[in-house]
Amino acid sequence: MGCFFIFTNPMEHFAIIGSSPIMMLEAIYLANHGKRVTIIEKSPELGGAWKTFSHKQYNNIELGCHIWEYNKSSYKFIEDNIGIELKKLNPDPLFIKNNIKLHYNRKEVPVILLRTLKHIKEFNFYSLFSEGIYFLKNKLFFRKVDYYYAKNGCNDLTLKLVSKIKNQNTIDLEHLEIKKIVSDNNSVELIGDNKSVKCDKLILPSNFELDININSEKLRLKVGFDKEIYHCFIVCNKSDLLSDFTYLRFIKHPIFHRVSNASFEEFKNQFPEKALLVVGVLAKAVKKENINQLVLEELKNNNLYNGIPEEMFWKEYKSKEYENSELRKVQKKSGGKISYIDTSCLSNGIFKQLNRWGDLRI
Ligand SMILES: Cc1cc2nc3c(=O)[nH]c(=O)nc-3n(C[C@H](O)[C@H](O)[C@H](O)COP(=O)(O)OP(=O)(O)OC[C@H]3O[C@@H](n4cnc5c(N)ncnc54)[C@H](O)[C@@H]3O)c2cc1C
């Protein structure tokens, strides 16, 4: 009877490359729907651009300088389904161009228009409709919206998903760097240096570059250009901060990409007298040996911080610009054996999956 069941209902095996939060959510969703899932992650830690790290006495520091873009449905999903308590970012996040500070929401009008045009080109009516409603509701009249963030920092989200993945016995974790993907009508093979993994279906993140061979046709997945950002962490006295801010995004600044002190609740609770700033620095703009000095000068010039830091340390994480047309080609050519999820932005990425993930509970 058992054999008969296995033979007639083989458990479909999905492989997922990468472990950013959206990919972890997809893994949990598939496992909840009776699929066998293997997450393939080359890095020893899970989380992708949202992973956490420890430095000396400071634990669970969030890698990036994150913001959760405003999306009411995604916020609700994060609160109700993932069980993360949100709080309003206070002060509001700002974007800064030529010393002009604007509410974060207002920069997006041209971006949303461009995105809408892209959806028209792609004939993705669901996205077009939802984007249109979002635009009319929130952007057209430059209405200010509030931004929320995890009350305990975004590491709350990453750590919760990682713990769920590790405790779910239908999700396997394979720490392996995939060098090539070969797909035919029967299966998909993911090939690393010393090991390969076979699966029935593969799901890719949208930030992905690799050689893919589909029914003997060779394709090269390539995202747009690299936008390399160093993340500089500064431990300092709270009293040396010159202004009150949570999250600042710099547009066309020669050095800064983002500056934030929003996301380190664990740190704030542990060291109430100190502040931990994260500064995203455009790698192209600086020589490594000068970074500390330049960052401190720029923080002072921008009236953010003027002091002698207790400590400065660095993490690198490459960010990419996305171009999904090749992913769509791969999806089509593989007959759906290889598909992808839009991972380019956390809130919008979650929003795009809500029609499937609606019943997902973490
Ligand atoms: C530093 C930084 C800050 C960001 N901040 C925000 C933000 O504030 N808000 C927001 O919405 N978005 C932000 N983003 C955008 C971010 O890219 C997405 O939110 C999301 O993390 C992208 O997911 P991803 O899976 O495409 O890529 P990543 O998060 O980069 O994850 C990809 C994972 O795949 C693994 N991997 C890659 N290639 C292979 C391979 N060949 N074999 C095995 N494993 C592989 C990597 O090790 C990595 O863990 C940020 C991105 C970066 C880099």
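Let's start inside the sheet of this predicted model, where strand β10 (residues 180-183) and strand β14 (residues 210-214) pair in the parallel sense over four bridges. If you want a specific pair to look for, K180 has D211 in β14 as its bridge partner.

Staying with β14, look now at its pairing with β15. These two strands run antiparallel and are joined by five bridges. Here N213 stands opposite K218 in β15. Two residues lie between the strands in this hairpin, and N215 takes a positive phi near 45° there.

Now step back to see the whole sheet. It is open, has five strands in the order β12-β11-β10-β14-β15, and its pairing is mixed. Where does the sheet end on each side? The edges are β12 (196-199) and β15 (217-221); each has a single partner strand, so one side of each is left without a neighbour in the sheet. From one strand to the next, the twist averages 20°. As you follow any of these strands, it helps to recall that side chains in a regular strand alternate between the two faces of the sheet.

A helix also packs here: α9 (residues 325-333) lies across β14 and β15, and runs at about 150° to β15.

Next, the nonpolar interior. The largest nonpolar core holds 59 residues, and W68 and I350 are the ones that touch the most other members. Helix α2 (residues 21-32) supplies the largest share of this core, nine residues. Where does the core sit relative to the domains? Domain 1 (2-56 + 156-223 + 322-357) and domain 2 (225-320) both give residues to it, so the core lies between them. To explore around I350, leave aside residues up to four places away in sequence: I350 then touches I22, L25, S74, F77, I78 and W357. There is also a second, separate core of 24 residues, with Y230, L241, F256 and L277 among them. As a general point, nonpolar side chains in soluble globular proteins tend to be buried together.

Let's finish with helix α8 (residues 291-301), which has two contrasting sides. I291, V295, E298 and L299 are buried. Why do these four fall on the same side of α8? They cover an arc of only 100° around the axis, and that is what puts them there together. Turn to the other side of α8 and you find Q293 and N301, which are exposed. After the helix comes N303, whose phi is positive, near 60°.

Definitions and conventions
Residues are numbered from 1 along each chain as its sequence is written. This is a predicted model: local features need pLDDT of at least 70, side-chain atom pairs count only at pLDDT 80 or more; totals for chains, interfaces and linings use all residues. Side-chain values use heavy atoms; hydrogens and water are left out. Buried means under 20% relative accessible area, exposed over 50%, partly exposed in between (1.4 Å probe, protein chains only). The arc is that of the directions from the helix axis to the C-beta atoms. Two strands pair if DSSP finds at least two bridges between them. Axes are lines fitted to C-alpha atoms, for helices over the stretch in contact, and angles run from 0 to 180 degrees between N-to-C directions. Contact means heavy atoms within 4.5 Å. A nonpolar core is a set of buried Ala, Val, Leu, Ile, Met, Phe, Trp, Tyr and Cys residues joined through side-chain atoms within 4.5 Å. Domain bounds come from an automatic or database domain assignment.
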